[in-house]
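Biologist: I am new to this structure and would like a close look at a single part of it, with its surroundings explained as you go. Could you pick a spot on the chain and lead me from there to the rest?

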Amino acid sequence: MLSSKLQTGPDMYWLKQWDTSGTAGSESMVALEENNIRAVSCDYACAEIRSAHMADTVREMRSRVLLGEFGIRNVHSTDFPGNYPGYEDSWDLRKFQQRFRVDVVRMEDDALEFDMVGIDAALANAFRRILLAEVPTMAVEKVYVYKNTSIIQDEILAHRLGLIPIRADPRLFEYRSSGDAEGTDIDTLQFELSVRCSRNLRASKDSSDPNELYRDHRVYTSHMKWLPQGNQADLFPETDPPRPVHPDILIAQLRPGQEIHVVMHCVKGIGKDHAKFSPVATASYRLLPEISLLRPVEGELADRLQRCFSPGVIAVDTVKGKRTARVENARRDTGSREIFRNDDLKNLVKMGRVRDHFIFSVESTGILAPDTLLTEAIKVLMGKCRRFLDELDSASLN
């Protein structure tokens with residue numbers, strides 16, 4: 001007498017037998033139940049595989065932007081509360097503090113490259129916009145033309161002077177009030193430009209070089225002289241007075257008898273009001289590239305794969321007598337997607353971007369150091385947050 005029973009648990013299935021009689025009928029019953037067990041086990045394993053694949057897909061959607069042949073996927077942020085079952089995406093200060101970091105990659109006199117990790121694109125873009133338009137600087141606002149006999153019209157001359165970056169710490173000044181036409185020593189810097197062109201009497205009669213024939217025929221920013229007002233002479237040291245950032249910016253060209261005499265008033269402002277107040281020449285960010293080889297790439301394919309990317313992204317090494325490609329530094333990739341032009345290479349590589357890893361590039365105009373600009377941008381953002389919280393408090397009271 002054969003008695004069999006199917007028992008199931010969370011992770012396994014098994015068959016119990018108590019007696020066998022050796023008959024064909026009992027053997028067929030055992031075989032039938034074994035087939036059923038295999039089918040159930042296969043379904044269970046397939047479900048596990050599908051579940052793991054779904055988890056990987058969700059994880060990729062949340063953390064990576066994928067570059068394909070015909071488009072870019074996972075562009076929008078989807079990790080908001082309640083969007084994915086099993087994920088707690090509500091904002092938490094402790095988690096943010098653990099994940100957020102700033103890594104300085106390169107810092108020069110007027111350039112800064114750093115990584116900002118663990119933030120959303122909205123916050124990264126807020127830093128970029130503040131750097132461009134809301135960090136204050138000093139720039140020429142009013143130009144009093146006393147004499148201008150050059151070929152440059154007064155309006156064009158004033159515009160050129162306004163775009164000259166002025167090296168003066170804006171944190172030492174106040175914003176000028178709208179009704180104050182002249183300004184004071186706490187909100188205004190004054191510069192004078194007075195240049196007259198004349199002939200060089202010692203020049204050779206056969207010379208045709210303007211640099212030899214004329215004196216002061218080129219007007220540079222080095223001709224701009226600071227006029228201290230009030231106690232400004234005590235505020236700025238003699239070794240570092242207010243001055244144009246670059247002394248060799250060409251303002252105008254003169255010929256004998258022509259003269260420029262103007263006085264300039266510099267005030268504090270932000271790039272949102274006029275581009276001349278913007279403290280940066282450029283402020284941009286990009287996501288950290290991520291490149292994966294889906295299978296080994298060897299021989300002639302490895303060399304072609306290397307040429308599809310920017311220098312330094314793909315390296316080709318000799319391994320066991322074969323030239324084999326590997327990813328050396330994905331950070332240098334510019335996202336050209338040249339790989340997708342090659343049918344035999346495009347399926348060998350997976351290209352993406354890390355969603356919360358931003359590479360910032362900041363180039364200062366020279367008014368303030370780039371690291372100082374970043375600090376000031378953070379202060380501006382903090383001020384915005386305080387004002388928003390104050391508005392919420394006042395609204396709740398009302």
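Modeller: Happily! Let us start with Lys320, which counts as exposed because its relative accessibility is 83%, where anything over 50% is called exposed. Please keep in mind that the model you are looking at is predicted. To find Lys320, look in the loop between strands S18 and S19. The backbone there has a feature to note: phi of Lys320 is near 55°, a positive value in a residue that is not glycine.

Now follow the chain past S19, into the loop between S19 and S20, and you come to Arg337. Arg337 is not a glycine either, yet its phi is positive, at about 60°. Its surroundings can be put into a class as well: with a relative accessible area of 29%, Arg337 is partly exposed, since that class lies between the 20% limit for buried and the 50% limit for exposed.

The strands on either side of these loops bring us to helix H7, which spans residues 300-307. Which residues of H7 are buried? They are Ala302, Arg304 and Leu305. Looking down the axis of H7, you would find these buried residues within an arc of 165°, so they line one face of the helix. Their cover includes four strands: S17 (280-293), S18 (314-319), S19 (322-327) and S20 (349-364). Two of these, S18 and S19, are the strands that flank the loop of Lys320, while S19 and S20 flank the loop of Arg337.

Another loop is worth a visit. Asp248 sits between strand S14 (243-244) and strand S15 (250-253), and Asp248 counts as exposed because its relative accessibility is 56%. Leaving aside residues up to four places away in sequence, Asp248 touches Tyr220 and Thr221. From Asp248 to Thr221 there are 27 residues along the sequence, but 6.0 Å between their C-alpha atoms.

Next, a pair of helices. How do H3 and H8 pack against each other? Helix H3 (residues 121-133) meets helix H8 (residues 370-397) at an angle of about 115°, with 9 Å between their axes. The two helices are therefore roughly perpendicular to each other, and their crossing is right-handed. On the H3 side, the contact is made by Leu123, Ala126, Phe127, Ile130 and Leu131. H8 contributes Leu373, Leu374, Ala377, Ile378, Val380, Leu381 and Lys384. Sorted by type, the residues of this contact are 11 nonpolar, no polar and one charged. H3 also holds Ala122, which counts as exposed because its relative accessibility is 54%. Between the C-alpha atoms of Ala122 and Ser77 there are 9.8 Å, although the two residues are 45 apart along the chain.

Finally, step back to the whole chain. It has eight helices and 20 strands. Of its 398 residues, 35% are buried. Among contacts with a separation of 6 or more, 71% join residues 24 or more positions apart. The pairing of Asp248 with Thr221, 27 residues apart in sequence, gives you one place to look for such a separation.

How values were computed
Residues are numbered from 1 along each chain as its sequence is written. This is a predicted model: local features need pLDDT of at least 70, side-chain atom pairs count only at pLDDT 80 or more; totals for chains, interfaces and linings use all residues. Side-chain values use heavy atoms; hydrogens and water are left out. Axes are lines fitted to C-alpha atoms, for helices over the stretch in contact, and angles run from 0 to 180 degrees between N-to-C directions. Angles under 35 degrees count as roughly parallel, over 145 as roughly antiparallel, 65 to 115 as roughly perpendicular and the rest as oblique. A crossing is left-handed if the near helix is turned anticlockwise from the far one by less than a right angle, and right-handed if clockwise. Contact means heavy atoms within 4.5 Å. Ala, Val, Leu, Ile, Met, Phe, Trp, Tyr, Cys and Pro count as nonpolar, Asp, Glu, Lys and Arg as charged, and the others, Gly among them, as polar. Buried means under 20% relative accessible area, exposed over 50%, partly exposed in between (1.4 Å probe, protein chains only). The arc is that of the directions from the helix axis to the C-beta atoms.
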